[in-house]
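Reader: I would like to go through this model and ask how each label is earned. Please set each value against its definition.

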Amino acid sequence: MYDCIIVGAGPSGGTAAYHLAKQGRSVLILEKESLPRYKPCGGGVSPAIAQWFDFDFSPVISVKADSLRFTWNLGDPVEAKIATIEPVWMVRRDIFDHFIVQQGQKQGAELRDNTEVTGIEFQSDYWQVNTTNGSVKGRYLIAADGVKGPMAKWLGFKRP
Ligand SMILES: Cc1cc2nc3c(=O)[nH]c(=O)nc-3n(C[C@H](O)[C@H](O)[C@H](O)COP(=O)(O)OP(=O)(O)OC[C@H]3O[C@@H](n4cnc5c(N)ncnc54)[C@H](O)[C@@H]3O)c2cc1C
């Protein structure tokens, strides 16, 4: 029986795992893909997120950008300064997301990737989470399965 089962190993799931494990909770992350997994994304991350973490993100920041350059067929460039206090971090999501999960693992969180959640059942005082690799139990459940994940529907949320 885990204190918390987290479905999804993106930034939301990894962050939840990190903070819960750091507080001494037993945490299991279930991820259907194999990590590091590819994620289509622009890769721009606000440096403001640093306030919510006590570890250094510099190993996974590819570049810090303070301006943007738009082109049409690599011509007709338009350049703009980004009006933020600090430059925007550019990251590769496979590396960035995996890094956060690894910080959680260092705090004791357990990861099972290649494990798709196929259903959830509330059993009076715990959640039974069914996966392609068997069932697991947790007192709390975090749906961090992203915008395309099935959890919101299973939990009965009307709005996405
Ligand atoms: C084209 C594009 C460009 C973007 N560019 C930016 C950008 O530049 N900057 C920015 O901040 N945001 C950007 N975003 C948004 C950003 O990708 C999301 O806000 C972010 O990924 C949400 O994180 P998350 O952890 O909630 O979910 P996700 O990152 O989607 O992670 C969810 C995880 O859950 C897993 N999962 C799903 N279903 C199951 C299941 N049944 N069982 C087990 N695991 C499951 C998935 O495999 C996935 O790993 C972009 C999005 C797109 C589509």
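Author: Start with pairing: two strands pair if DSSP finds at least two bridges between them. The model is a predicted one. In it, an open sheet of 3 strands runs in the order β3-β7-β4, with antiparallel pairing.

Reader: Why are β3 and β4 said to stand at the edges?

Author: β3 (44–45) and β4 (63–65) each have a single partner strand, so one side of each is left without a neighbour in the sheet.

Reader: How do you know that β3 and β7 pair?

Author: β3 and strand β7 (residues 88–90) share 2 bridges in the antiparallel sense. Pairing requires at least two bridges, so β3 and β7 count as paired. Gly-44 has Met-90 as its bridge partner in β7.

Reader: What makes β5 and β6 a pair?

Author: Strand β5 (residues 67–72) and strand β6 (residues 75–81) are joined over 5 bridges, in the antiparallel sense. The requirement is at least two, so β5 and β6 pair as well. Within this pair, Phe-70 stands opposite Val-78 in β6. The hairpin of β5 and β6 has 2 residues between the strands, and Asn-73 takes a positive phi near 50 degrees there.

Reader: How many helices and strands does the chain have?

Author: The chain has 3 helices and 11 strands. From the N terminus on, the order of elements is β-α-β-β-β-β-β-β-α-β-β-β-β-α.

Reader: Now the ligand. Why is the pair formed by Glu-31 and the ligand called a polar contact?

Author: A polar contact is a pair of N or O atoms within 3.5 Å. A polar side-chain atom of Glu-31 lies 2.6 Å from an oxygen atom of the ligand, so this pair meets the cut-off. A backbone N or O atom of Pro-11 lies 3.2 Å from a ligand oxygen atom, which also falls within 3.5 Å. For Val-117, a polar backbone atom is 2.9 Å from a nitrogen atom of the ligand, so that pair qualifies too.

Reader: How much of the ligand does the protein bury?

Author: Taken alone, the ligand exposes 1,000 Å², and the protein buries 64% of that. The space taken by the ligand is the largest pocket.

Reader: Which residues around the ligand are the closest, and how does the shell divide by class?

Author: The ligand is surrounded by 25 residues, the closest being Ser-12, Glu-31, Arg-37, Gly-44 and Arg-93. The shell has 9 nonpolar, 8 polar and 8 charged residues. Gly counts as polar and Arg as charged, so Gly-44 belongs to the polar class and Arg-37 to the charged class.

Key. Residues are numbered from 1 along each chain as its sequence is written. This is a predicted model: local features need pLDDT of at least 70, side-chain atom pairs count only at pLDDT 80 or more; totals for chains, interfaces and linings use all residues. Side-chain values use heavy atoms; hydrogens and water are left out. A residue is near a molecule or strand if one of its heavy atoms lies within 4 Å of it. A polar contact is a pair of N or O atoms within 3.5 Å; within protein, one must be able to donate a hydrogen and the other to accept it, and residues adjacent in sequence count only if both atoms are side-chain atoms. Accessible areas come from the Shrake-Rupley method with a 1.4 Å probe; for residues, only the protein chains shown count as cover. On a 1 Å grid over the protein atoms alone, a cavity is a set of points where a 1.4 Å probe fits but cannot get out, and a pocket is an open set with protein on both sides within 12 Å along at least five of seven lines; lining residues have an atom within 4 Å of a point. A molecule sits in a cavity or pocket if more than half of its atoms lie within 2 Å of its grid points. Helices (H or I, at least four residues) and strands (E, at least two) are DSSP runs, numbered from the N terminus.
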